[in-house]
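Biologist: Could you take a close look at a single part of this model for me, and then follow the chain outwards from there? I would be glad to have the cut-offs behind your terms as you go.

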Amino acid sequence: MRQFLYRLACASLVLCSAFAANAMAEPLAKDLFAAHRLPAVAAPQSIGFYSKGCVAGAIAIPPDGPTWQVMRLSRNRRWGHPELIKLLVQFSQDAARDGWRGLLIGDISQPRGGPMSSGHASHQIGLDADIWFSPMPAQRMTVEQRERDGSPSMLKKGSLYVDDSRWTRAHEAVLRRAASYPQIERILVHPGIKKKLCDTVKGDRSWLRKIRPYWGHDAHFHIRMKCPADSPGCRRQDPVPPGDGCDKSLAWWFTEEPWRPAKGPAKPPARDVMTISALPKECRAVLAAPSPASEVAVTYMGGGGPSAPVAASAAQGLPLMSLQPQSIPLPTPRPMR
Ligand SMILES: [Zn+2]
């Protein structure tokens, strides 16, 4: 018996130390992805799931356009699948026509996607984007302002309900516009904002189905695109349930349960344990792929501008040249970084 126990202890010791060595040998995925300042040159492809994956052939939205300004430039998270970047530009133009001066765009994805060093569990495959609940100001914000300024919450302080002195028809309109695109499957907002829409939207309410209540999201909303046709390795999410969602599932958010602290010891966030082996194997190739010659070469210029041909040849399959002239955003001077 004693000998058996001894052997068992030995075996587990060997196993444990082998395991520890392996864990030490494998760096965290968030560090590998953060090390890349530029995307993988490859045909555009979203790989894996929104909260466990990566993106090849991503392009950047310029920090400034006629109808948008990108916030928190230091994070280098203004990259996405080209379909999402194109859609954001379109959305900003449509929203401006609706009376929303322009979009303040928060995080999209890192150049090659993957888990991030802070924030978001999702935003990993270039198909998620955060939009602030404040329209952009008339003037161009400085780089410092974009780092410093925050988006005010739409909620009454200390409550789960919208502050009516902040909420406007324009907020409803910008969400309705976002929901109008067939490529957008879900829009995450705070339950209080969903409730406000449920209580006030008149006429066609079918678009409310896409507006999904979720924790956070009281100062920004989060748009999520469905898997693009060019991405067979993209794992689609469950379809949104039928109906406008102004039902029991929404009422649950106004009970104590969703806000109760979790029981038991706190689990580390996924990003702090996720190694590259947890991601689809194609993500190793995404990390190993070459970078483009420059950031400008893979920044969306809507088919115009001197950098577009470089981008088109650098990353085969990028549809930069195929855009309609009316959707071309005028390039504006980029702020210093
Ligand atoms: Zn988000």
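Modeller: Happy to! Two strands pair if DSSP finds at least two bridges between them, and the strands themselves (E, at least two residues), like the helices (H or I, at least four), are DSSP runs numbered from the N terminus. This is a predicted model, where local features need pLDDT of at least 70 and side-chain atom pairs count only at pLDDT 80 or more, while totals for chains, interfaces and linings use all residues. Residues are numbered from 1 along each chain as its sequence is written.

The part I would pick is strand β11, residues 220-225. Six of its six residues are buried (20 or more other C-beta atoms within 10 Å of their own, placed from the backbone; 12 or fewer is exposed, and in between is partly exposed), so β11 is largely enclosed by the rest of the structure. In a regular strand, side chains alternate between the two faces of the sheet. In β11, His 220, His 222 and Arg 224 point one way, with Phe 221, Ile 223 and Met 225 pointing the other, and all are buried.

β11 has strand partners that I can show you. Strand β8 (residues 128-132) runs antiparallel to β11 and is joined to it by five bridges; there, Trp 132 has His 220 as its bridge partner. Strand β9 (residues 184-189) is also antiparallel to β11, with four bridges between them, and in this pair Ile 187 stands opposite Ile 223.

Two of the residues around here lead us into the largest nonpolar core (a set of buried Ala, Val, Leu, Ile, Met, Phe, Trp, Tyr and Cys residues joined through C-beta atoms within 7 Å). That core has 63 residues, and Phe 221 and Ile 187 are among those that touch the most other members, together with Ile 47, Leu 88, Leu 103 and Ile 105. Helix α3 (residues 82-98) supplies the largest share of this core, with seven residues.

Let us follow two of these threads. Ile 47 is in contact (C-beta atoms, placed from the backbone, within 7 Å) with residues including Gly 53, Cys 54, Val 55, Ala 56, Ile 125 and Val 286, leaving aside residues up to four places away in sequence. Strand β1 (residues 45-49) runs antiparallel to β2 and is joined to it by five bridges, and the two form a hairpin with two residues between them. Gly 48 has Gly 53 as its bridge partner in β2. Strand β2 (residues 52-56) is mostly covered, five of its five residues being buried: Lys 52, Cys 54 and Ala 56 point one way, Gly 53 and Val 55 the other.

The other thread is α3. Its axis comes within 10 Å of that of α5, and the two cross at roughly 145 degrees; axes here are lines fitted to C-alpha atoms, for helices over the stretch in contact, with angles from 0 to 180 degrees between N-to-C directions. Phe 91, Asp 94, Ala 95 and Asp 98 of α3 make the contact with Ala 173, Val 174, Arg 177 and Ala 178 of α5.

From α5 and β9 we reach helix α6 (residues 191-200), where seven of 10 residues are buried. Those buried residues pack against α5 (169-179), β9, β10 (211-213) and α7 (248-251). They include Gly 192, Lys 195 and Lys 196. Tyr 161, in the loop between α4 (143-148) and α5, touches Gly 192 as well as Leu 155 and Lys 156, not counting residues up to four places away in sequence. With 17 other C-beta atoms within 10 Å, Tyr 161 is partly exposed. Its C-alpha lies 7.8 Å from that of Lys 196, 35 residues apart in sequence. Asp 164 is found in the same loop, between α4 and α5, and counts as exposed because it has 10 C-beta neighbours inside 10 Å.

One last note, on confidence. The chain averages a pLDDT (the predictor's confidence in each residue, from 0 to 100) of 86, and 82% of the residues score at least 70. Residues 1-21 fall below 50 and have zero contacts beyond near neighbours in sequence. Residues 303-337 are also below 50, but that stretch has 67 such contacts in the model.

Methods:
Contact = placed C-beta atoms within 7 Å.
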